[in-house]
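Biologist: I would like to practise reading a model with you, feature by feature. Could you take me from the surface inwards?

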Amino acid sequence: MDFRRGRKREDPEINLIPFIDVLLVVLIFLMVTTTYSKFTELQITLPTADAEKAIEKPFEINVTVDAKGNYTVNNVPVAFHGVASLADDLKRAASNGPNGQPLAAPVKDPVIIVNADQFAMHQMVINVLEAARMAGYDKLTFAAQTGGQK
């Protein structure tokens, strides 16, 4: 309390100029030090499923090698006169369908399944591999039979 007489109170003075200066300095600092960039969404391709598509079974040529030295190509006995003749038999089997009927165009890369008897000589299987290479077929699968005779 002020008990003095004659003194008139002065209205408080608010000076906004220093406050505006500080705000401008902060705003300039933020504009200079901040980098603005636009982020795009990641493009993700989600997997889809289609139940109506049937899985295509590859064209197979079954070559059987038994312990007696006999070859069969798609259950047809083949006389072995060398690797080149066996390659011709593989090409012939690729140009025929599973039922033995000729196809409109030969299959380009069939799967050759080599069924070898456990008592068959290794050289006979190697002959089939060489014949497949000569015929230009790269897909080979092996199956072993255990019930042959020596």
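Modeller: Gladly. This is a predicted model, and its chain exposes about 12900 Å², with carbon and sulfur atoms supplying 58% of that area. Of the 150 residues, 23% count as buried.

Biologist: What is the order of helices and strands along the sequence?

Modeller: The pattern reads α-β-β-β-α-β-α-β, from three helices and five strands. As for contacts with a separation of 6 or more, 67% of them join residues 24 or more positions apart.

Biologist: Now the inside. Which residues have the most contacts inside the largest nonpolar core?

Modeller: The general idea comes first: in soluble globular proteins, nonpolar side chains tend to be buried together. Here the largest nonpolar core has 23 residues, and Ile61, Val63, Val73, Leu86, Leu90, Ile112 and Val128 have the most contacts inside it. Two or more residues each come from β1 (60-65), β2 (71-73), α2 (83-95), β4 (111-117) and α3 (122-135). The largest share, six residues, is that of α3.

Biologist: Pick one core residue for me. What is Leu90 in contact with, beyond its neighbours within four places in sequence?

Modeller: Leu90 is in contact with Ile61, Val63, Val73, Ile112, Ala131, Ala132 and Tyr137. Leu90 is also one of the buried residues of α2, along with Ser85, Leu86, Ala87, Asp89, Ala93 and Ala94. The cover over the buried residues of α2 includes β1, β2, β3 (76-78), β4 and α3.

Biologist: How do I check the length of a helix such as α2?

Modeller: Compare the expected span with the distance between the end C-alpha atoms. At 1.5 Å a residue, the 13 residues of α2 should span 18 Å, and the end C-alpha atoms are 19 Å apart, which agrees. For α3, 14 residues should span 20 Å, and its end C-alpha atoms are 20 Å apart, again in agreement.

Biologist: And how do I read the sides of a helix? Which residues of α3 are buried?

Modeller: An α-helix has 3.6 residues a turn, so residues three or four places apart point the same way. In α3, the buried residues are Met124, Val125, Asn127, Val128, Ala131, Ala132 and Ala135. Seen down the axis of α3, these buried residues fall within an arc of 150 degrees, so they line one face of the helix. The face turned away from that buried side carries the exposed residues His122 and Arg133. After α3 comes Gly136, with a positive phi near 90 degrees.

Biologist: A strand can be read by its two faces as well. Are the faces of β4 covered or uncovered?

Modeller: Both faces of β4 are covered. On one side Val111, Ile113, Asn115 and Asp117 are buried, and on the other Ile112, Val114 and Ala116 are buried. That makes seven of its seven residues. As for pairing, β4 and β1 run in the parallel sense over six bridges, and Ile113 in β4 is the bridge partner of Asn62.

Biologist: Last feature: backbone angles. Where does Asn74 lie, and what is its phi?

Modeller: Asn74 sits in the loop between β2 and β3, and its phi is positive, about 50 degrees, although it is not a glycine. Asn75 lies in the loop between β2 and β3 too, with a positive phi near 65 degrees.

Biologist: How exposed are Asn74 and Asn75?

Modeller: Asn74 is partly exposed, at a relative accessible area of 26%, whereas Asn75 is exposed, at 72%.

Note on methods: Residues are numbered from 1 along each chain as its sequence is written. This is a predicted model: local features need pLDDT of at least 70, side-chain atom pairs count only at pLDDT 80 or more; totals for chains, interfaces and linings use all residues. Side-chain values use heavy atoms; hydrogens and water are left out. A nonpolar core is a set of buried Ala, Val, Leu, Ile, Met, Phe, Trp, Tyr and Cys residues joined through side-chain atoms within 4.5 Å. Buried means under 20% relative accessible area, exposed over 50%, partly exposed in between (1.4 Å probe, protein chains only). Helices (H or I, at least four residues) and strands (E, at least two) are DSSP runs, numbered from the N terminus. Contact means heavy atoms within 4.5 Å. The expected span of a helix is 1.5 Å times one less than its number of residues. The arc is that of the directions from the helix axis to the C-beta atoms. Accessible areas come from the Shrake-Rupley method with a 1.4 Å probe; for residues, only the protein chains shown count as cover. Two strands pair if DSSP finds at least two bridges between them.
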